[in-house]
Amino acid sequence: MLDSILNVSGTADISEGAFFLCTLVSFVLGLALAGIHMYKNHCTKNFIITLIILPAVVQIVIMMVNGNLGTGVAVMGTFGLVRFRSMPGNSREITSVFLAMAVGLATGMGYLALAAVFVVLIGIVLIVFQTIPFPSERQQRKELKITIPENLDYTDLFDDLFEVYAKEVSLVKVKTTNMGSLYELQYEIRMKNEKSEKEMIDALRCRNGNLPIICGHFPENREEL
């Protein structure tokens, strides 16, 4: 059942029927991967189209290599160049891209049933874990940006307030704004009580001279591997 429909031991010619069958299965499995990726996830149309066609593209490349070691090394280098010319994505996007490439490798070698079983099993695992509420989702980390005048020492300026309102605090980045007359401090925090956010912001405003304060959730594209 999980055997290849192609002769993968050498460089035998590939029949038209086998080629079209492998390509059709690649597109179908690409559609399945796209549907799995869209489950409880925000994504762009271009990325979904990429997931649909990527298995077929990889499959055709593998069929062209067809046991040629030199061509295989060249293809590997090409994939490396494409990787470094692309924008970094979040962890789920990178996982979906690797899954699509794995499906393309399987269909390119003729293991159609194996590729289908692989997509079904991985899809079930991803959907199950995406449905299960993890503890980190019940109390999400937040991004806190505080603007202070340049004459204030930010090292331990808000430590006493963070001890009252926050469970975890880490200073992520410091940058100057307004021609160097202001500092913008970026923190990653976890609140002890989500309902005390306004009270914490009011206390911070009294400390930073009522300059701008921004508090919100970390964007999803920060989830990098």
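Which side chain meets Arg-207 in a salt bridge? Select Asp-160 along with Arg-207 and you'll have the pair, at 3.1 Å from N to O. Keep in mind as you go that this is a predicted model.

**Stop one: a link across the chain.** Colour the two partners and follow the backbone from each. Arg-207 belongs to helix α8 (residues 197-207), while Asp-160 sits in helix α7, so you're looking at a bridge between distant parts of the chain, 47 residues apart. Arg-207 has 29% relative accessibility, so it counts as partly exposed. Asp-160 falls in that class too, at 40%.

**Stop two: along helix α8.** Now pick Lys-198 and Asp-202. Their closest N and O atoms are 2.9 Å apart, in a salt bridge. The two are separated by about one helical turn, because they are 4 residues apart in helix α8. Lys-198 is exposed, at 59%, whereas Asp-202 is partly exposed at 25%. Leave Asp-202 selected and add Arg-205: here is another salt bridge, with 3.2 Å between the closest N and O atoms. This pair is 3 residues apart in helix α8. Next, bring up Lys-142, Glu-194 and Glu-197, which are joined into one network by salt bridges that share partners. In total, the structure holds 8 salt bridges.

**Stop three: two strands.** Stay on Lys-142, which lies in strand β1 (residues 142-149). Is Lys-142 buried or exposed? Its relative accessibility is 8%, so Lys-142 counts as buried. Draw a distance from its C-alpha to that of Met-191: you should get 8.1 Å, though 49 residues separate them in sequence. Then move to Glu-184 in strand β3 (residues 182-191). Glu-184 is also buried, at 17%. Show what surrounds Glu-184, skipping its neighbours within four places in sequence, and you'll find contacts including Lys-145, Ile-146, Thr-147 and Lys-173.

**Stop four: surface patches.** Switch on the surface and select Asp-153, Asp-156, Asp-159 and Glu-163, a patch of negative charge. Asp-159 is in helix α7 (residues 159-165) and is partly exposed, at 36%. For a nonpolar patch, choose Val-120, Ile-124, Val-125, Val-128, Phe-129 and Ile-132, which together have about 510 Å² of accessible area. Val-125 is part of helix α5 (residues 112-131), and its 42% relative accessible area makes it partly exposed.

**Last stop: helix α4.** Finish on Thr-95, in helix α4 (residues 91-108). Thr-95 is partly exposed, at 35%. Add His-37: the C-alpha atoms are 9.4 Å apart, with the two positions 58 residues apart in sequence numbering.

Technical notes. Residues are numbered from 1 along each chain as its sequence is written. This is a predicted model: local features need pLDDT of at least 70, side-chain atom pairs count only at pLDDT 80 or more; totals for chains, interfaces and linings use all residues. Side-chain values use heavy atoms; hydrogens and water are left out. Buried means under 20% relative accessible area, exposed over 50%, partly exposed in between (1.4 Å probe, protein chains only). Contact means heavy atoms within 4.5 Å. Patches are made of residues with over 30% relative accessible area and no salt bridge: like charges are joined within 9 Å, nonpolar side chains (Val, Leu, Ile, Met, Phe, Trp, Tyr) within 5 Å. Accessible areas come from the Shrake-Rupley method with a 1.4 Å probe; for residues, only the protein chains shown count as cover. A salt bridge is a side-chain nitrogen of Lys or Arg within 4 Å of a carboxyl oxygen of Asp or Glu. Lys and Arg count as positive and Asp and Glu as negative; His and the chain ends are not counted. The place of a charge is taken as NZ of Lys, CZ of Arg, CG of Asp or CD of Glu.
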